[in-house]
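Trainee: Could we go through this one together? I would like to see how each label is earned.
Mentor: Gladly, let's look at it.

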Amino acid sequence: MRLIDLRSDTVTMPTSAMREAMCAAPVGDDVFGEDPSVNALEERIAGMFGKEDALFCASGTMSNQLAIQVHARPGDEVICDEGAHIYRYEGGGTMANSGCSVALLRGDRGRFTAGQVREAIHDPANPHLAASRLVSVENSANRGGGSTWDLQEVHRIRAVCNAHGLALHLDGARIFNAMAVDGMGPAAWGAPFDSVSVCLSKGLGAPVGSVLTGNKDFIAHARRVRKRTGGGMRQAGMLAAAGLYALDHHVQRLSTDHHRATLLGAAMAGRADVHHVMPVETNIVVASLAPGTDAQAWVAKFREQGILMAVFGPGMVRLVTHLGVDDSALEQALGAIRLFGK
Ligand SMILES: Cc1ncc(COP(=O)(O)O)c(C=O)c1O
């Protein structure tokens with residue numbers, strides 16, 4: 001039986017062409033700044049997002065965590081959505097690595113407003129309160145079911161940050177998915193942010209890597225923090241080459257993933273044991289099961305049918321489309337969702 005893995009877009013395997021690009025990549029010692037492929041990837045991402053410099057990182061967690069460490073000091077506070085990856089899924093890193101507290105906003109499927117940010121900012125003259133230092137936006141928002149942000153609202157948040165001396169970071173693990181929906185380019189998305197983390201190993205299908213981009217001083221500091229964290233890689237160009245290949249070949253196809261996710265969402269909504277499906281905007285489908293349904297057991301039953309989904313909280317499941325889900329895999333998944341257990 002063919003397993004259709006819808007748990008995450010991180011499960012993709014590098015294609016043969018991507019592997020060839022990796023094998024052929026010119027490499028050097030990146031800690032000495034001498035890896036031509038890493039340098040090319042960093043220059044490319046910085047150029048796309050309109051920033052001065054960039055840094056290749058082992059993971060999205062690393063690039064987010066470096067950004068927080070550079071923007072904030074121990075005792076500062078980071079403002080983000082309550083479902084933000086930087087808060088929920090980075091091993092407590094925001095608190096442990098940067099010594100920061102978090103102000104959690106209840107957004108609309110991961111998207112909060114400039115007004116909410118303004119209300120969360122502490123009075124800097126009040127010594128009882130942590131110093132508000134950084135706002136972090138996640139686009140697309142994973143726990144929001146792949147929801148996408150309105151760039152105008154981000155500009156309003158930028159204005160609030162400017163008024164209060166806060167930095168603004170974008171966790172763009174799936175920014176290319178979000179841009180495929182709103183049609184705005186990376187220069188437009190980079191503009192309001194001080195730093196952007198872009199993942200290559202999610203929807204773009206590279207095996208490893210994220211790139212952090214920002215101004216020269218910010219990246220120089222992030223490079224130091226990466227080094228002291230043990231994240232300085234040597235002949236990393238083979239990995240960077242996969243990212244370059246993904247930027248050339250795997251961006252245009254993202255809307256196909258989004259269309260397939262829409263079909264999966266509709267099939268899920270048609271099941272009596274599914275209570276609610278979040279609106280599907282990108283490649284992520286998040287559904288709440290009928291009250292009382294054990295999500296672990298529900299997912300286990302689908303696994304027996306060859307369909308792998310992720311438990312996404314009590315009574316919640318997540319399905320994600322990606323490079324490894326083609327039309328025949330989609331048909332198999334749709335068939336199982338429509339018919340199994342009915
Ligand atoms: C929104 C978001 N940010 C950051 C990350 C972290 O990426 P990584 O798994 O490469 O550390 C993820 C991972 O899935 C994510 O979904």
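**A strand, its partners and a ligand shell**

Mentor: In this predicted model, five of the six residues of strand β3 (residues 76-81) are buried, so the rest of the structure largely encloses this strand.

Trainee: What makes a residue of β3 count as buried?
Mentor: A residue is buried if 20 or more other C-beta atoms lie within 10 Å of its own. Five of the six residues in β3 are buried, and the strand is therefore called largely enclosed.

Trainee: How do you know that β3 pairs with strand β5 (residues 131-138)?
Mentor: Pairing takes at least two bridges, and four join β3 to β5, so the two strands pair. They run parallel, and I79 has V135 as its bridge partner in β5.

Trainee: And what makes strand β4 (residues 101-105) a partner of β3?
Mentor: The reasoning is alike: five bridges link β3 and β4 in the parallel sense, against a requirement of at least two. D81 stands opposite L105 of β4.

Trainee: Which residues come nearest to the ligand?
Mentor: Of the 13 residues around the ligand, these are S59, G60, T61, H85 and A173. Helix α3 (residues 60-71) gives the largest share of the shell, three residues.

Trainee: Why is G60 counted as polar?
Mentor: Because Gly is placed among the polar residues by the classes used here. By class, the shell has nine polar, two nonpolar and two charged residues.

Trainee: What are the bounds of the domains?
Mentor: Domain 1 covers 16-249 and domain 2 covers 253-339. Their contact takes 15 residues from domain 1 and 15 residues from domain 2.

Conventions:
Residues numbered from 1 in each chain as written. Predicted model: local features only at pLDDT ≥ 70, side-chain atom pairs only at ≥ 80, totals over all residues. Near = placed C-beta within 6 Å. Buried ≥ 20, exposed ≤ 12 C-beta atoms within 10 Å, placed from the backbone. Domains from an automatic or database assignment. Contact = placed C-beta atoms within 7 Å.
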